[in-house]
Amino acid sequence: MNRFLAVFLFALTVLIPQVALAQVMLAFHSFNGSYLGGRYPHAFIVLDGTLANGTRVHENYGYSTSASALSDLSGPVPGIIQVEKEKYIASTNRHFTVAISDAQYREIVAEVNAWKDAPGQKRYLLDQRNCIHFVARIAQIVGLKSDVPQKMVRRPKLWLNQVTRLNPHLGAKEIK
């Protein structure tokens with residue numbers, strides 16, 4: 001009986017920490033950008049951690065367009081899911097991070113795929129369907145208040161600061 005108890009306790013000490021470490025974190029980022037500097041202000045998400053089945057997650061997604069700036073203003077243009085390089089991510093503002101479940105992770109990935117434009121589609125609209133609207137949808141999936149007032153549709157940092165204020169339970173500070 002003592003041997004069984006010893007094996008059981010050993011199994012618990014080995015398995016429980018692994019289960020506790022199986023967690024994906026979702027971070028919300030903004031990039032200040034410059035309309036004249038060649039890289040526009042942008043909002044995107046970063047997913048990092050481990051799913052319960054042991055799968056490692058290290059991904060990031062934003063919604064943008066590959067069209068020129070002038071065409072962005074004239075109406076719908078093709079949208080793309082944009083994946084950023086690590087060097088770029090390091091230069092952005094991380095506003096807050098939340099732990100998500102495996103189910104929420106799968107729902108986020110499904111939402112990312114739903115935002116991918118099929119060839120010939122033109123769904124990116126600068127003031128109605130841009131990176132902020134994409135990130136707002138991801139925030140809603142994880143239960144955050146994330147309204148997008150018209151005055152903030154081109155101001156990712158300002159908007160994510162508003163999301164911070166709307167969700168005080170995050171314990172996040174606004175980025176100046």
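This is a short tour of the model, stop by stop, with what to select at each one.

**Before you click**

You're looking at a predicted model, where local features need pLDDT of at least 70, side-chain atom pairs count only at pLDDT 80 or more, and totals for chains, interfaces and linings use all residues. Residue numbers start from 1 along each chain as its sequence is written, and side-chain values use heavy atoms, with hydrogens and water left out.

**Stop 1: the whole chain**

Switch to cartoon and colour by secondary structure. The protein has six helices and five strands; both are DSSP runs numbered from the N terminus, with helices being H or I of at least four residues and strands E of at least two. Going along the sequence, the pattern reads α-β-β-β-α-β-α-β-α-α-α.

Now try a surface. About 10200 Å² is exposed, and carbon and sulfur atoms supply 59% of that (Shrake-Rupley method, 1.4 Å probe; for residues, only the protein chains shown count as cover). Of the 176 residues, 40% count as buried. Buried here is under 20% relative accessible area, exposed is over 50%, and partly exposed lies in between, with a 1.4 Å probe and protein chains only.

If you like contact maps: among contacts with a separation of 6 or more, 56% come from residues 24 or more positions apart. A contact means heavy atoms within 4.5 Å.

**Stop 2: the sheet**

Select the five strands. They form an open sheet in the order 4-3-2-1-5, with antiparallel pairing; two strands pair if DSSP finds at least two bridges between them. Strand 4 (79-82) and strand 5 (93-100) are the edges, each pairing on one side only. On average, neighbouring strands are turned by 20 degrees against each other, direction ignored.

Zoom in on strand 2 (residues 42-50) and strand 3 (residues 56-65), which pair in the antiparallel sense over seven bridges. For a concrete spot, pick glycine 49: its bridge partner in strand 3 is valine 57.

Then add helix 6. This helix packs on the sheet and touches strand 1 (24-31), strand 2 and strand 5, with its direction at about 45 degrees to that of strand 5. Axes are lines fitted to C-alpha atoms, for helices over the stretch in contact, and angles run from 0 to 180 degrees between N-to-C directions.

**Stop 3: glutamine 162**

Stay on helix 6 (residues 156-166) and show glutamine 162, which sits in it. Is glutamine 162 buried or exposed? Its relative accessible area is 12%, so glutamine 162 is buried. Leaving aside neighbours within four places in sequence, glutamine 162 is in contact with Asp147, Pro149 and Met152.

**Stop 4: salt bridges**

A search of the whole structure turns up five salt bridges, each a side-chain nitrogen of Lys or Arg within 4 Å of a carboxyl oxygen of Asp or Glu. Show these pairs as sticks:

- Arginine 137 and glutamate 111, with closest N and O atoms 3.6 Å apart. Arginine 137 is in helix 5 (residues 131-141) and glutamate 111 in helix 4 (residues 102-115), so the pair ties together parts 26 residues apart in sequence. Arginine 137 is partly exposed at 27%, while glutamate 111 is buried at 17%.
- Aspartate 117 and arginine 123, at 2.7 Å between the closest N and O atoms. Aspartate 117 counts as buried at 16%, and arginine 123 as partly exposed at 24%.
- Glutamate 174 and arginine 165, where the closest N and O atoms are 2.9 Å apart. Glutamate 174 is partly exposed at 33%, and arginine 165 is partly exposed at 43%.
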